[in-house]
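Student: I would be grateful for a close look at a single part of this structure. Could you choose one and describe it in a connected way?

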Amino acid sequence: MQTLKTAIIFFIFSTIIFCKPIFRNGKAAHNKLLVISFDGFRWNYDQDVDTPLLDYLAEIGVKAKYITPPFVTMTSPSHFTTITGRWIEDHGVIHNLMFNPETLQKITYKKTQNMSEWWDNGALPLWITAQNQGLMAGSLHYPGGNANYSGKTVNKALAETPDHPDSDENEWRDNIDIVMKWFNEDGLDFVTLYYGEPDKTGHIYGPETEQRKTIIKQIDRTISYLLEAIEKNKLKDKLNVIITSDHGMTTVKKAPAVQEIRLSNYINFSDTVKFDILDYGGFGMITPKEGKEEELYQVLKDAHPHLKAYKKQEFPERLHYSKHDRVLPILLYGDLGYSVNGRVILYVNKGDHGFDNNEMDMKMIFRAFGPDFKKNYTAEPFDSIHIYPLMCKILGVIPEPHNGSIAVTQDMIFTAVAEEPGETNDNNEKSK
Ligand SMILES: [Zn+2]
């Protein structure tokens, strides 16, 4: 009798403690999640190369024909949209470079990775939200993973060193081993893993080259290594994996084939420009000297047939980019393939991004597999902002306010997961 009483009390007590469902299909609730980002993996990079493993992933899981990154189609801003579910104008990581138009300071991409003041603007990334709700999170080289958010850091975080070798296949495998250890030995629930390829190869050689095809084959072999590692570490039944990217890549159009954009052909920098972010691919911004904004805008808007120039307040709403305080008063972007050069053409890249996210060359890859994902399921194209509520759903995390919608992505996962109570609410916020 006493034993029965104790059992009932224990049952009631444990129900109170575990207010979330603790079982799913007879297994412990909420599987683990690994998100892998291959920087600059354009949506169709697997179509002119033999990629047996990427093809296999589509059979055992979900494939979207393509997905759309936010504007500006650039590494740090786009990755931070994925991990926060916020448009770039809401999360404030508006460029790869941290800059200050007052002090004229510009900080390189890799140094900016360690500058919390660039990342910590109030939009909480999922690592921290998951940790706040009792889970353990990790970031291996993922942009923003090394910053400090309201005093909190990611449980396990490795940052890229300045001399990090982007293309070393052995190092790629070592990183998978580290992540497996984090899941198995350190008890992490959610990990993001970042690779700097095929972006680097796409920049140096251009996207339509043998070198790019070679690096895609290397990625395919790495996926084979990943699947073996999941099997070896007995994580197959509890680990979901999302493989995606941050933007695509296009061939840079150069003279003499085209007339390149060089702003010093049209404006006098020393008379009109106080500060600029130019010579960084297809997108640029300018702070005019006092009283020069109208003059500068009038010249730039008709300067080159493939250059778009906007005043900040007139920038297209659909791009959800310009409303943040950090965005400079004049914004510029080139038509596909046209770099926005400043005083001289310093630019050496053969491939680039940063262009309008409507352009097919800016679209990117999406694959997902694991116990919660449907098999052999083709998803319609969607915006990467909707990955955030999907990740929250899989992890059983109540989302922060965000701009995505679980309605867009929940068809990829099994109904039992999608319909779990408590976490179905789309905490959807309209963009500012
Ligand atoms: Zn890049």
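**A four-stranded sheet, a covered helix and the core**

Tutor: The model is a predicted one, and the part to examine is an open sheet of four strands with antiparallel pairing. Its strands follow the order 14-15-17-16. In general, strands of a sheet pair through backbone hydrogen bonds, either parallel or antiparallel. At the edges stand strand 14 (273-277) and strand 16 (307-311); each has a single partner strand, so one side of each is left without a neighbour in the sheet. On average, neighbouring strands of this sheet are turned by 20 degrees against each other, direction ignored.

Consider the pairing at one edge. Strand 14 and strand 15 (residues 283-288) are joined in the antiparallel sense over four bridges. Ile-277 stands opposite Met-285 of strand 15.

A helix also belongs in this picture. Helix 12 (residues 293-301) lies across strand 15, strand 16 and strand 17 (330-334), and runs at about 15 degrees to strand 17.

The next step is the nonpolar core. The largest such core has 105 residues, and Ile-330 is among those with the most contacts inside it, as are Phe-190, Met-391 and Leu-395. Helix 13 gives the most to this core, with seven residues. Helix 13 (residues 387-395) is mostly covered, with nine of its nine residues buried; among them are Met-391 and Leu-395. Just after helix 13, Gly-396 takes a positive phi of about 70 degrees.

Finally, leaving aside neighbours within four places in sequence, Phe-190 is in contact with several residues, including Leu-126, Trp-127 and Leu-395.

Technical notes. Residues are numbered from 1 along each chain as its sequence is written. This is a predicted model: local features need pLDDT of at least 70, side-chain atom pairs count only at pLDDT 80 or more; totals for chains, interfaces and linings use all residues. A residue is buried if 20 or more other C-beta atoms lie within 10 Å of its own, exposed if 12 or fewer, and partly exposed in between; C-beta atoms are placed from the backbone. Helices (H or I, at least four residues) and strands (E, at least two) are DSSP runs, numbered from the N terminus. Two strands pair if DSSP finds at least two bridges between them. Axes are lines fitted to C-alpha atoms, for helices over the stretch in contact, and angles run from 0 to 180 degrees between N-to-C directions. Two residues are in contact if their C-beta atoms, placed from the backbone, lie within 7 Å. A nonpolar core is a set of buried Ala, Val, Leu, Ile, Met, Phe, Trp, Tyr and Cys residues joined through C-beta atoms within 7 Å.
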